[in-house]
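Visitor: I would like a close look at a single part of this protein, the sheet. Please take me through how its strands are arranged and what packs on it.

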Amino acid sequence: MQPAFGNKKITAQTNGVELVFAMDISSSMDAKDMSNDVSRIEAAKKAMVQFVNQAPAGKVGLLVFAGSVYPQLPLTADKVAAKMYIEELSTDIMSNQGTNIGLALNEASIFFSEEKVKKVVVLITDGEDHEGGLKSAYSVLKENNIELLVLGLGSKKGALVPKSSEPNSGYLKDDLGRSVISKLNEGMIKNIARDSEGSYIISSDAFPNISKLLTEINSSDTTNEVDLEFEVKENRYQWPLAMALVCLLILFIWETLKIRKKFA
């Protein structure tokens, strides 16, 4: 039964990297122009799970953005929880549409701890920025020694934008009644990486190859280890086990005495 009550402290070591995802969940991320008719957001989820599984990150955080920004998961060492939050992402989380990358990067910069470890933001977007404010965001990242990696998802051909993530929801139309087609803004992806002195990958694959960005995270200056301290429930299984053994011993003695008395 493993009864547990009371707390005890345990220590462990983890890699000195903090990784924060800034995930675009604007409606254009539902466009299905990735291979095998997969939407951009589904490809993004697969990429993020790869990052969590393969990057030497001791802690992972997640924020989502469209026209505004929402902190989805504070920095945590629980990677199982991180993957659960990733799998639940949807463009329906936010009603305020748009793609405010500058605001997202500013918000991501305050996710990190004060530990002297490598700090990395992975921006995942199709590059359709409608808000501006990127220059100030780059300054904030630089001041806090935060590295920016960009994963651009989508194709130059583009695809129709669904009204929602629900099946058969129809497609968005502009003021003239024409269907809205979203295309990857490759130029913006490259400019963000260049101006922030970061790296980028552009992909239209359902399973994006993120090896280049993983190499950046796995660089030699990420080998530092950080001591972590956790409080966990104290397992008290020894108590009922000891009682059970005592009961078995009493039963054994009792049965032995009964047998001796019978044949006495």
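Guide: Two residues are in contact when heavy atoms of theirs lie within 4.5 Å. In this predicted model, take the contacts between residues at least 6 apart in sequence: 79% of them join residues at least 24 apart. The chain has 264 residues, and 45% of them count as buried. Its accessible surface comes to about 14,800 Å², and carbon and sulfur atoms account for 53% of that area.

Now to the sheet. The chain contains seven helices and 10 strands. Six strands make up an open sheet, and reading across it gives the order β4-β3-β2-β5-β6-β9. The pairing in this sheet is mixed. At the edges are β4, residues 69-76, and β9, residues 199-203; each of these two pairs on one side only. On average, neighbouring strands of the sheet are turned by 15° against each other, with direction ignored.

One pair can be followed in detail. Strand β5 covers residues 118-125 and strand β6 covers residues 146-153. The two run parallel, and seven bridges join them. For Ile124, the bridge partner in β6 is Leu151.

A helix also belongs to this picture. Helix α1, residues 40-54, packs on the sheet. There it touches four strands: β2 (17-24), β3 (59-65), β5 and β6. The direction of α1 makes about 175° with that of β2. Strands β5 and β6 are thus joined to each other by bridges and are also touched by helix α1.

Notes. Residues numbered from 1 in each chain as written. Predicted model: local features only at pLDDT ≥ 70, side-chain atom pairs only at ≥ 80, totals over all residues. Heavy atoms only, no water. Buried < 20%, exposed > 50% of the residue type's maximum accessible area, 1.4 Å probe, protein only. Areas by Shrake-Rupley, 256 points an atom, 1.4 Å probe, with all protein chains shown as cover. Pairing = 2+ DSSP bridges. Axes fitted to C-alpha atoms, helices over the stretch in contact; angles between N-to-C directions.
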